[in-house]
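Here is a short report on one molecular structure. It covers charge pairs, helix packing and a few individual residues.

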Amino acid sequence: MDTYRFWEIVDETRALAHGDLHEHVETLHARLSQLAVEEVVEFDRLLVEANHELYSWTLWGATDLIFGSGGDDQFTDVRTWIVSLGSETYDAVRRDAQSLAELDTDPDVEDLTAAEQWAAVPARVFAGATGRDLSEAYPERVAVELPEGEPEGNQLSDVPEDLVEIFPRLGRRFG
């Protein structure tokens, strides 16, 4: 599986779920269950790679403005949530974190719980197909919550008023 196919599956299953992340967990599970086990493992690897590409202080600050200040776990779920929104949103956010101001939905913390479940789908499909735990079968596998090193860039203030100044478009919508 290549990156193009990964995003094709994400976009296809999101469309089938009509943008509902809880339903997207189910549509992704159904779609990955149709793939060979090796493709499921590769989908998981590409999901982790996409998630880690978003590991920056800029995005962390922007999402703190949207969801409130949170720790590593919340930021992992935020990055996964952005991946689950599909290739167009993902690419826009990679270019400019403020593009989140143009979302056609109002994100909330429940989305982050669903995003965590969405990220677990490949492991669930793998376990269902093989009877084995993905991380045990592939001990060298990098987990979605374990990016290497510090986030890219310079750490930003977590004071909401400062973040509104840094991210004016997000501040107008979420501040």
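The text below goes through salt bridges, a charged patch, one helix and some single residues.

## Basis

This is a predicted model, in which local features need pLDDT of at least 70 and side-chain atom pairs count only at pLDDT 80 or more, while totals for chains, interfaces and linings use all residues. Residues are numbered from 1 along each chain as its sequence is written, and side-chain values use heavy atoms, with hydrogens and water left out.

Some terms come first. Buried means under 20% relative accessible area, exposed means over 50%, and partly exposed lies in between (1.4 Å probe, protein chains only). Helices are DSSP runs of H or I with at least four residues, numbered from the N terminus.

## Salt bridges

Side chains of opposite charge can pair when their charged atoms come close. A salt bridge here is a side-chain nitrogen of Lys or Arg within 4 Å of a carboxyl oxygen of Asp or Glu. How many salt bridges does a search of the whole structure find? The search finds nine. Three of them are tabulated here.

| Pair | Closest N to O distance |
|---|---|
| Arg-31 and Glu-12 | 3.1 Å |
| Asp-44 and Arg-141 | 2.7 Å |
| Arg-169 and Glu-102 | 3.0 Å |

Take Arg-31 and Glu-12, whose side chains meet in a salt bridge. Arg-31 sits in helix α2 (residues 21–32) and Glu-12 in helix α1, so the pair ties together parts that are 19 residues apart in sequence. Arg-31 is buried, at 14% relative accessibility. Glu-12 is partly exposed at 31%.

Next come Asp-44 and Arg-141, which also form a salt bridge. This pair links distant parts of the chain, 97 residues apart: Asp-44 is in helix α3, and Arg-141 is in the loop between α9 (134–137) and α10 (160–166). Asp-44 is buried, with a relative accessible area of 3%. Arg-141 is partly exposed at 28% relative accessibility.

The side chains of Arg-169 and Glu-102 meet in a salt bridge as well. Arg-169 belongs to helix α11 (residues 168–174) and Glu-102 to the loop between α6 and α7, so this pair ties together parts that are 67 residues apart in sequence. Arg-169 counts as partly exposed, at 27% relative accessibility. Glu-102 is exposed, with a relative accessible area of 53%.

There is also a network: salt bridges link Glu-42, Arg-45 and Glu-49.

## A negative patch

Which residues form a negative surface patch? They are Asp-72, Asp-73, Glu-116, Glu-145 and Glu-150. Patches are made of residues with over 30% relative accessible area and no salt bridge, with like charges joined within 9 Å. Asp and Glu count as negative. One of the patch residues, Glu-116, is found in helix α7 (residues 109–119). Glu-116 is partly exposed, with a relative accessible area of 47%.

Gln-117 is in helix α7 too. Its relative accessibility is 40%, which counts as partly exposed. Leaving out residues up to four places away in sequence, Gln-117 touches His-22 and Val-25; contact means heavy atoms within 4.5 Å. The C-alpha atoms of Gln-117 and Thr-63 are separated by 19 Å, and the two residues are 54 apart along the chain.

## Helix α6 and its packing

Helix α6 spans residues 87–95, and its buried residues are Ser-87, Tyr-90, Ala-92 and Val-93. What do these buried residues pack against? They pack against α1 (3–16), α3 (37–53), α4 (57–67) and α5 (72–84).

Glu-8 lies in helix α1. Glu-8 is partly exposed, with a relative accessible area of 31%. The C-alpha atoms of Glu-8 and Gly-86 are separated by 8.7 Å, with their positions 78 residues apart along the chain.

## Two loop residues

Is Ser-56 buried or exposed? Ser-56 is buried, at 14% relative accessibility. Ser-56 lies in the loop between α3 and α4. Not counting residues up to four places away in sequence, Ser-56 touches Phe-75, Pro-151 and Glu-152.

Gly-149 lies in the loop between α9 and α10. Gly-149 is exposed, with a relative accessible area of 54%. The C-alpha atoms of Gly-149 and Leu-46, 103 residues apart along the chain, are 19 Å apart.

Notes
Patches are made of residues with over 30% relative accessible area and no salt bridge: like charges are joined within 9 Å, nonpolar side chains (Val, Leu, Ile, Met, Phe, Trp, Tyr) within 5 Å. Accessible areas come from the Shrake-Rupley method with a 1.4 Å probe; for residues, only the protein chains shown count as cover. The place of a charge is taken as NZ of Lys, CZ of Arg, CG of Asp or CD of Glu.
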